[in-house]
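Work through the exercises below with the sequence and the model at hand. Each task is followed by a solution in steps.

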Amino acid sequence: MTHSVRNAVAAAALGAVLCTALTGCGGGTAPSGSQARLGTPAASDGPSSAASAAAPDSPAASSPAAGAGGPGAVPMLPPGPNGLTPVFERAKQHTDKTVALTFDADMTSDQGPRAAGGEHFDNPQLIATLKTLKVPSTIFMTGRWAEEYPDQAKAIGTDPNFEIANHSYSHHAFKSPCYGLPALDAAAARADVDRAFAAFRTAGAVNTVPYFRFPGGCYDDQALRALSTAKVTAVQWDVVSGDAFAKDPDAVAQQVLAGVKPGSVVVMHCTRSAAPVTEEAIRKIVPELRKRGYRFVKVSDLIGK
């Protein structure tokens with residue numbers, strides 16, 4: 001997947017920093033073994049990668065209900081081997097023409113000064129367009145984003161059109177190396193997830209679900225083990241939108257339309273500064289997929305199949 005062309009050394013440096021904050025940006029060849037390329041379904045080390053996800057015919061398990069702003073009673077995958085956090089990438093039902101559009105609301109823990117300086121890590125027009133088009137969606141939000149934009153987090157998290165899932169608090173890596181992201185140890189990783197859910201509660205978001213997306217798409221068995229007590233299902237994707245740093249909404253739309261299959265999970269971004277054409281691409285993607293007979297659902301609807 002191509003990045004935006006950088007015409008100066010300073011622009012290149014800024015782009016590299018921004019890239020580490022976006023799950024679906026990245027390109028080049030996937031490193032072997034433990035680290036997935038950004039923007040592709042992540043893999044863990046060794047043979048337990050496939051085993052860590054529930055078997056295709058395993059029944060979904062429901063999580064216990066929690067208080068307002070906490071994970072609710074929605075379908076989850078059962079734990080993987082040895083109690084590892086399960087990983088979901090695409091619905092096991094491949095005949096129903098449903099698709100889940102997911103949007104990462106990325107903001108790292110140290111980007112407050114940039115937001116104060118006028119950089120937009122939010123994208124309210126995108127959210128408005130999804131509502132206008134009546135597209136149910138799952139927003140993978142960092143806790144830091146919810147702190148920066150509490151009114152938007154509350155509005156998203158109280159709208160039945162959306163569900164908020166956990167994308168960590170800090171957007172730091174849960175395994176290393178992971179594209180330059182600072183790495184968390186097991187204890188810090190587990191606490192980071194809790195801190196994000198707490199930020200959603202503080203903002204007043206109630207439509208939260210016990211799903212988690214790894215920053216950078218990077219994980220291994222150690223990361224899955226660290227999150228096992230959080231009782232979350234890790235959610236990856238099978239379709240990369242290519243919206244990070246994209247300048248051509250038509251190219252983003254074409255990439256999504258070429259990749260979607262029944263049961264797909266599409267990764268996109270809800271970050272104006274680093275994914276500026278996503279909203280325009282959505283206005284092309286949604287009517288075309290509906291014309292092809294697809295129905296838009298949330299991740300919880302796919303996992304529940």
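## Exercise 1: a loop with two unusual residues

Ser-168 sits in the loop that joins β6 and α7; helices (H or I, at least four residues) and strands (E, at least two) are DSSP runs, numbered from the N terminus. The model is predicted, so local features need pLDDT of at least 70 and side-chain atom pairs count only at pLDDT 80 or more, while totals for chains, interfaces and linings use all residues. Residues are numbered from 1 along each chain as its sequence is written, and side-chain values use heavy atoms, with hydrogens and water left out.

Task: State what is the phi of Ser-168, and whether Ser-168 is buried or exposed.

Solution.
1. The phi of Ser-168 is near 85°, a positive value in a residue other than glycine.
2. Most residues other than glycine have a negative phi.
3. Ser-168 has a relative accessible area of 0%, so it is buried (buried is under 20% relative accessible area, exposed over 50%, partly exposed in between, with a 1.4 Å probe and protein chains only).
4. Pro-177 is also placed in the loop between β6 and α7. The peptide bond from Ser-176 to Pro-177 is cis, with omega near 5°.
5. Most peptide bonds are trans.

## Exercise 2: another positive phi

Task: Find where Asn-82 lies, and decide whether Asn-82 is buried or exposed.

Solution.
1. Asn-82 belongs to the loop between β2 (75-76) and β3 (87-88).
2. Asn-82 is not a glycine, yet its phi is positive, about 60°.
3. The relative accessible area of Asn-82 is 82%, so Asn-82 is exposed.

## Exercise 3: the buried side of a helix

Task: Name the buried residues of α6 (residues 150-157) and say what covers them.

Solution.
1. Ala-153, Ile-156 and Gly-157 are buried in α6.
2. These residues lie on the same side of α6 because they cover an arc of only 90° around the axis; the arc is that of the directions from the helix axis to the C-beta atoms.
3. Their cover includes the helices α4 (124-132), α5 (143-148) and α7 (186-203), together with the strands β5 (137-141) and β6 (162-166). Contact means heavy atoms within 4.5 Å.

## Exercise 4: two helices side by side

Task: Describe how the axes of α4 and α10 (residues 278-291) are arranged.

Solution.
1. The two axes come within 9 Å and cross at roughly 15°. Axes are lines fitted to C-alpha atoms, for helices over the stretch in contact, and angles run from 0 to 180 degrees between N-to-C directions.
2. α4 is therefore roughly parallel to α10 (angles under 35 degrees count as roughly parallel, over 145 as roughly antiparallel, 65 to 115 as roughly perpendicular and the rest as oblique).
3. From α4, Gln-125, Leu-126, Thr-129 and Leu-130 meet Thr-278, Glu-279, Ile-282 and Arg-283 of α10.
4. By class, this contact has three nonpolar, three polar and two charged residues. Ala, Val, Leu, Ile, Met, Phe, Trp, Tyr, Cys and Pro count as nonpolar, Asp, Glu, Lys and Arg as charged, and the others, Gly among them, as polar.

## Exercise 5: far in sequence

Task: Say how many residues separate Thr-271 and Trp-145 in sequence, and what their distance is in space.

Solution.
1. Thr-271 is in the loop between β10 (264-269) and α10, and it is buried, with a relative accessible area of 2%.
2. Thr-271 and Trp-145 are 126 residues apart in sequence and 10.0 Å apart in space, C-alpha to C-alpha.
3. For the protein chain, 77% of the contacts with a separation of 6 or more are between residues 24 or more positions apart.
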